[in-house]
Amino acid sequence: MSGQNQNFKVNVKTEIGRLRKLLIHSPDSGLGKVVPSKAQDWLFEDIVHLDTIRKGEYDYYIKLLMYFLDPEKIKGKLAKIDSEEDNRNFYKPNHPDFHNSKSVIEIQNLLSEMLEDKSIREKLVAAVCAIEGCTYQVQIELTNTDPKQLAEILISGTLANDTMIFAPIPNLIFTRDVGTTINNHILLNKPAKKARVRETLLMRYIFFNHPLFEAYQNNILEIPDVTMHFLRPGDEPAFSTTLEGGDVMMVSPNHVLIGCSERTSEHGANEAIKLLFDQDVVEKVTVVKIPSKRDYMHLDTVFTQVKRDTWVILNSIAHTPKYNPYEPINFLKEPDKLEATTAIQFNKSNPQEPKHFEHVEALLNDISQNDLKCTEPTKIIYSGNNQFPYDSREQWTDSCNLLAIKEGVVLGYDRNDKTVDAFKDAGFDVVDVKDLIQDLESGKANAETLTDTLILMPSAELSRARGGFHCMSLPICRDDL
């Protein structure tokens, strides 16, 4: 198998340290096979146009990552890479001219490299065929398929002749959800929805079997189910043990946030806390309980970090709504607890006495001031510039779901106009990715010296998939602050 890297290191201690390596998955043909009748089952709100997502949107993400993480692959070569003659080969995982970056790491490549091992290929194909209900004949055919082609089939659900044999896994582009790097460990997810079971299985095999992660196999953490979980009633969410990576943030050395949300259950958070403490991975875990609503889905859809002292957040999450005492209804009916947001911090040295925060904004201030030792007051940038109805409209299109490439330099969607205004008001430069890429190519801009900048990414189709660039990234290595 190829892909071994002597300098490969797993290390993430914050959300904002200079990004060095991450796992991504480029939009595959499965995204173009989502049908309206199954869209919500497959966790999509809408069907998207694959060609536009690729050429008009995601390609810019790859280009930008290359300039920051692997400039030798792109600097001075952009005109050729984007020429009609090259036909996007730089962006196609199975093509000989694919970038094959060791810093911007494509999951499909890892999968095909791992599948070169016949023993692993047989086990993984058998597991996939079992969960997908395939015939034994299909299992044999897949086992004998070329590893590169097989990797594509296992992700897209489609054979080379365009025949679908099982559902696609279109959510694999949101690599954050399959796991989270915590210091030098990787915490794997336990998905809440059936649509994500196959991608979780593929990633588990990659982390435990690919040579890239060989030195870290003992650092791969799996959430166990609670004892005798099989005796609990049906599939009731109240009894499930689920955890997804979008609900886990490594915000400072030895401090992890875990969101309880539509996708991560209290039981999942509980098992994660015990696992992280038992394995001496962190000292503090703060559980942030947000409303279990599709509007929010994960913790990183309602806030992300921009700088040591700066966060972007939806105001209704930052502060639990205050009830008007002059409204008789508030005495006649208890407030809906599902709408409340709470933050509870557990310390490894004294887990039986957790600390409660008044609201999420108080937690973020505590992280900035005490964990990250900021000397400046904590700044909060609100989704939609805290104006109704733009706050919720823009949160829905991922105004709060930003990826920091380095402290203060973040990627977000170009459609969230009021949030862009809020960034400008907070002193940030705002630049369109197309202009920035030209400036990086010409030397007018320098990735190393860029500071306090919101980079606007095209988003007409990507935003309809309900995930931003924080979702579309699984950082494996960041510099320490």
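**Cores and a four-stranded sheet in a predicted model**

E199 touches I169, N171, L172 and V178, leaving aside residues up to four places away in sequence (contact: heavy atoms within 4.5 Å). This residue belongs to helix α7, residues 197–209, and E199 is buried with a relative accessible area of 0% (buried: under 20% relative accessible area, 1.4 Å probe, protein chains only). Helices (H or I, at least four residues) and strands (E, at least two) are DSSP runs numbered from the N terminus. The model is predicted, so local features need pLDDT of at least 70 and side-chain atom pairs count only at pLDDT 80 or more, while totals for chains, interfaces and linings use all residues. Residues are numbered from 1 along each chain as its sequence is written, and side-chain values use heavy atoms, with hydrogens and water left out.

We turn next to the sheet. Its four strands form an open arrangement in the order β14-β15-β17-β16, with mixed pairing (two strands pair if DSSP finds at least two bridges between them). Because β14 and β16 (429–432) each have a single partner strand, they stand at the edges and one side of each lacks a neighbour in the sheet. β14 and β15 pair in the antiparallel sense over three bridges, and A404 stands opposite V410 in β15. Helix α1 packs on the sheet, touching β14, β15 and β17, and its direction makes about 30° with that of β14 (axes are lines fitted to C-alpha atoms, for helices over the stretch in contact, with angles from 0 to 180 degrees between N-to-C directions). Helix α13 (residues 417–425) lies across β15, β16 and β17, running at about 160° to β17.

How values were computed: Buried < 20%, exposed > 50% of the residue type's maximum accessible area, 1.4 Å probe, protein only.
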